[in-house]
2 protein chains.
Amino acid sequence: MADTLSPSATSTSSDVADALTERQQQVLDATLELLIENAANVTMIAVARKASCSKETLYKWFGDRDGLLAATVRYQASKVKVAPFDGADLTHARLTTVLEGFAGDLLTILTGKMSIALNRLAIAQAHQHSGNNSANSSENLGSIVLQNGRFSTGPRLKPALEAGMAAGLLRNDDSEEAFRSFYGLVVRDIQIRLLLGDVISFSKTDITAEAQRATEQFFSLYGPQTP
Amino acid sequence: MADTLSPSATSTSSDVADALTERQQQVLDATLELLIENAANVTMIAVARKASCSKETLYKWFGDRDGLLAATVRYQASKVKVAPFDGADLTHARLTTVLEGFAGDLLTILTGKMSIALNRLAIAQAHQHSGNNSANSSENLGSIVLQNGRFSTGPRLKPALEAGMAAGLLRNDDSEEAFRSFYGLVVRDIQIRLLLGDVISFSKTDITAEAQRATEQFFSLYGPQTP
DNA sequence: CAAGTACCGTACCGTACGGTACATCAAAAG
DNA sequence: CTTTTGATGTACCGTACGGTACGGTACTTG
């Protein structure tokens, strides 16, 4: 009975892809494609047709529509890889590079079609009270996106920030609070505007410029110099 | 034939309420109530029942479901009033008060159930290409929310920022850019987390504290002292 | 080869919703 | 009192979707 997806409480974006057949991943890729072109088009028949599989297989593998969507979101989240941070020998220049890289990656992801589509989907259905009838029903999409998105980026940057504090490059402060301000400086109103359908053209150079500005502002706020 | 709503390209949150009958406003209030408790419950029958009117009346007044939703969003947006800004005699203390007040208002609105529900709705349907068949069809919900939300807050604070620059309280810079950074410092990750279903308890004191922090950070970034 | 398994394609069912038609009723207008 | 207007409530239609059932097919296993 290894062909049904185990709920796997909060799989930390690792083995989630391993638990999927090649064929199943094809199905999820098809779902993602449909999701990007128009979230309203993601019906079971459309997915089945696009993936050249039968609806019955979809239900067998993913339980119901929500299960398919949850698996899709988790699958996509598992694709995002990050380079680990090496905290030794930290200089201002290196920390700057780390922060700018992080900001650039964040902006690149958030402005991508994929992130917008997934966030739209999760936001749209972020309501259903957890009153789940069957035991197989999966978690809220909003939680999944939060867990693999915002709530995984924070801890990811945390070691860099704390190393910066330890090295005297950043003022000693709550690293979580510092991160949230950095996040605000990076993202500003970009994400909400995109989610609401505003069209913003963002070139690679724009993104690096934004990342540099945010990093510079962040140092200005959390740098060691006296306030 | 004054009982059908004129499309009214981008009514600037003024006469929109005046063009509505008392009864029609009751209908829109009912729609808002349903929307807050669960966006999925906003069906034509549910609205009709809650407002004690007939479906036919809804269609007569608002054209179709999208028209009803658009009217609802516009109606709610028209309720948000702002105190005008008096730029004479600007001191640092007064500008601080203005900024903190603005930030507090913004946070209060964005964290409110109403804003979350409306943004969820607009984001969920922010896809449909403007391919509108009938001439009566109304504008995209996302555009309406953006227009009455983010895109009206910017110009609203603009005079204060530029007056601050003129008075030497703020570094000379693009006021729009400055506003966007201020926005980021105020909102940070709050709105996206709320939209995704994260539950954040925000007391009145929390909000004023956040507003003060953001304002202080903003002054630190855009104050006149040398970078 | 026979039995089983996994999957595809399609047809089908129930339901729910958007939208329309109609019958009824209340109140204003004449 | 009669007519007209406008609104309520309900019944109805078409459609679309989620979910299920079933026949057919290819591939594996003993």
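These exercises work through a predicted model of two protein chains and a DNA strand.

Residues are numbered from 1 along each chain as its sequence is written, while chains are lettered from A and ligands numbered from 1 in the order in which they are written. In this predicted model, local features need pLDDT of at least 70 and side-chain atom pairs count only at pLDDT 80 or more, whereas totals for chains, interfaces and linings use all residues.

**Exercise 1. Describe the secondary structure and burial of chain A.**

Step 1. Helices (H or I, at least four residues) and strands (E, at least two) are DSSP runs, numbered from the N terminus. Chain A has 12 helices and zero strands.

Step 2. A residue is buried if 20 or more other C-beta atoms lie within 10 Å of its own, exposed if 12 or fewer, and partly exposed in between, with C-beta atoms placed from the backbone. In chain A, 40% of the 227 residues count as buried.

Step 3. Two residues are in contact if their C-beta atoms, placed from the backbone, lie within 7 Å. Of the contacts in chain A between residues at least 6 apart in sequence, 70% join residues at least 24 apart.

**Exercise 2. Which helix of chain A does α2(A) cross at roughly 85°, and through which residues is the contact made?**

Step 1. Axes are lines fitted to C-alpha atoms, for helices over the stretch in contact, and angles run from 0 to 180 degrees between N-to-C directions. The axis of α2 (residues 22-37) comes within 9 Å of that of α7(A), and the two cross at roughly 85°.

Step 2. Angles under 35 degrees count as roughly parallel, over 145 as roughly antiparallel, 65 to 115 as roughly perpendicular and the rest as oblique. α2(A) and α7(A) are therefore roughly perpendicular to each other.

Step 3. From α2(A) come A:Leu32, A:Leu35 and A:Ile36, and from α7(A) come A:Lys113, A:Met114, A:Ala117 and A:Leu121.

Step 4. Ala, Val, Leu, Ile, Met, Phe, Trp, Tyr, Cys and Pro count as nonpolar, Asp, Glu, Lys and Arg as charged, and the others, Gly among them, as polar. This helix contact has six nonpolar, no polar and one charged residues.

**Exercise 3. How are chains A and B related, and what forms the side of chain A that touches chain B?**

Step 1. Copies are superposed by least squares on the C-alpha atoms of residues with pLDDT of at least 70 in both. A rotation of 180° with 0.0 Å of shift along its axis places chain A on chain B, with RMSD 0.0 Å. That is the relation of a two-fold axis.

Step 2. The contact joins 34 residues of chain A to 34 residues of chain B. Two or more residues each come from α7 (113-124), α8 (141-148), α10 (175-187), α11 (190-195) and α12 (204-222) of chain A. The largest share, six residues, belongs to α10(A).

Step 3. The side of chain A that touches chain B has 16 nonpolar, 11 polar and seven charged residues.

Step 4. The copies meet through the same surface, because 100% of the interface residues of chain A are also interface residues in chain B.

**Exercise 4. Which residues come nearest to DNA strand C?**

Step 1. A residue is near a strand if its C-beta atom, placed from the backbone, lies within 6 Å of it. Of the 15 residues around DNA strand C, the nearest are A:Cys53, A:Ser54, A:Thr57, B:Thr43 and B:Arg65.

Step 2. At least two residues each are supplied by α4 (55-62) of chain A and by α3 (44-51) and α4 (55-62) of chain B.

Step 3. The surface near DNA strand C divides into four nonpolar, four polar and seven charged residues.
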